[in-house]
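Dear colleague,

I am passing on to you the structure that we talked about, together with its sequence. Please open it beside this message, so that you can look up each place as you read.

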Amino acid sequence: MIDTANILAALAVQAGVCTQMGSPFSGRVLTSVRNDVEGGGPFAGFFDAWDGVGLRGLVDDAVSLRILGGLQHLVLSGADPDLAAVYPLSGADVDEAGLAAALVDAARRHHDILQGFMASPPQTNEVRRSICLVGGYLTLAKRTGLPLRCLEIGASAGLNMNWDLYRYDFGGGRAWGDPASPVLLDTDWEGDAPPLDVQAVVAEKRGCDQNPIDITDDAQARRLEAYIWADQPERRARLRAAIGLARAAGDPLDKADAAAWVAAHLHPREGVATVLVHSVVWPYLPPATQGAITDSIRKAGESASASAPVAWLRMEPDPASMAAAMEVRLSVWPGGDEILLARVHPHGAKVIWLGESA
């Protein structure tokens, strides 16, 4: 029998986070799962691989989000109509006992499917994160006056690689991007807008992931959708619109180790600004991988010039406080100066823009 104390704590933490981030139903689901694990029910076995792992490790491995995504997959795929009947899409208002019973029954009926979701980390690929990052791209384009060569690690299905094809509303009549885009991104934006008088031409875009999602495959696209919290239909609508756009764009996405891929691709190129990008990826990388990527960035920066600059744009947790808002930082070479551009909500629901004056 494994020690479930940390697992129970991790489920409780994530339940609170979901509720705080506007998904009370996800909080209810994880609370029910937690109660079942505590009672030695069928959900307990899904966490055997994490026996002895501390709370921070469980949070970093997103074990709670894995089971949450697996359950949502059962609903979206039609594999479990009884579970679907108690989920928000059904319009049902189910009490805690009814929800708990449906979840336990699903765990018993679909062990192999749920175990498959536990075997790999979630890939949220939250499209709204592009409104957190677009200011970095625009700042870089204005600063360098050059087209952008965009390289993204941890790109999942590559949806945020298409940032230049979206329309952005920063409030107060401030907007950027294609007015006809099927993907419109808005947010609770605080502060000045990023430089909107920049065309920001993308000369090249490329991404990698250890396990890239092929969104031309309906089953894989459905798996991506499974990680959208069940009571947030607006996020689901954005995802579906972005998938349709990405299928038409057909951007290249490599299956590769991030460190090796960065070493191979991150180098200055004359006439373009080369920018390495990632969002909510860094905490999932082993320290050795982080070190190797940082070394590659340093080497590329040393070779950069005014006509072939190199940049590093990232949206990641504040390393000093995982509970704080995420930060958007931009470093540019030659020079290597670093700018804290914004503090942002993990799903892009809030942006506090600081800009180059921060």
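Below I go through what was found, beginning with the strands and ending with two details of the backbone.

Please keep in mind throughout that this is a predicted model.

I would start with the open sheet of three strands, whose order is β3-β2-β4 and whose pairing is mixed. The strands at its edges are β3 (174-177) and β4 (184-186), and as each of them has a single partner strand, one side of each is left without a neighbour in the sheet. Neighbouring strands here are turned against each other by 20 degrees on average, if direction is ignored. Between β2, which covers residues 167-171, and β3 there are four bridges, and these two strands run antiparallel; if you would like a place to look, find Tyr-168, which stands opposite Trp-176 in β3. Helix α8, made of residues 130-144, packs on this sheet and touches β2, β3 and β4, while its direction makes an angle of about 95 degrees with that of β2.

Strand β2 also takes part in a contact between rings. The count of aromatic pairs comes to ten, and one of them is formed by Phe-170 and Trp-189, which meet edge-to-face with 4.8 Å from centre to centre and 75 degrees between the planes. Because Phe-170 lies in strand β2 and Trp-189 in strand β5 (residues 188-190), the pair ties together parts that are 19 residues apart in sequence.

Next, please turn to another set of strands, in which β6 is paired with β1 and also with β7. β1 and β6 pair in the parallel sense over six bridges, and Leu-148 has Val-202 in β6 as its bridge partner. β6 is also joined by three bridges to strand β7, residues 253-255, and these two run parallel as well; here you can find Gly-207 opposite Leu-253 in β7.

Which residues line the largest cavity? They are Tyr-137, Cys-150, Leu-151, Glu-152, Asn-160, Met-161, Trp-163, Lys-205 and Arg-206. Two elements, β1 (148-153) and β6 (202-209), give two or more residues to this lining, and the largest share, three residues, comes from β1. Sorted by class, the lining has five nonpolar, one polar and three charged residues. The volume of this cavity is about 30 Å³, and the count of cavities of 30 Å³ or more comes to one.

Finally, there are two details of the backbone that you may wish to look up in the loops. The peptide bond from Trp-333 to Pro-334 is cis, with omega near 10 degrees, and Pro-334 is found in the loop between β10 (321-333) and β11 (337-344). The other detail concerns Ala-62, which has a positive phi of about 55 degrees although it is not a glycine; you will find Ala-62 in the loop between α3 (55-60) and α4 (63-76).

With best wishes

Note on methods
Residues are numbered from 1 along each chain as its sequence is written. This is a predicted model: local features need pLDDT of at least 70, side-chain atom pairs count only at pLDDT 80 or more; totals for chains, interfaces and linings use all residues. Side-chain values use heavy atoms; hydrogens and water are left out. On a 1 Å grid over the protein atoms alone, a cavity is a set of points where a 1.4 Å probe fits but cannot get out, and a pocket is an open set with protein on both sides within 12 Å along at least five of seven lines; lining residues have an atom within 4 Å of a point. Grid points are joined across faces, edges and corners, and a volume is the space filled by probe spheres set on the points. Ala, Val, Leu, Ile, Met, Phe, Trp, Tyr, Cys and Pro count as nonpolar, Asp, Glu, Lys and Arg as charged, and the others, Gly among them, as polar. Two strands pair if DSSP finds at least two bridges between them. Axes are lines fitted to C-alpha atoms, for helices over the stretch in contact, and angles run from 0 to 180 degrees between N-to-C directions. Contact means heavy atoms within 4.5 Å. Rings of Phe, Tyr and Trp (its six-membered ring) pair if their centres lie within 6.5 Å; planes under 30 degrees apart count as stacked, over 60 as edge-to-face and the rest as tilted.
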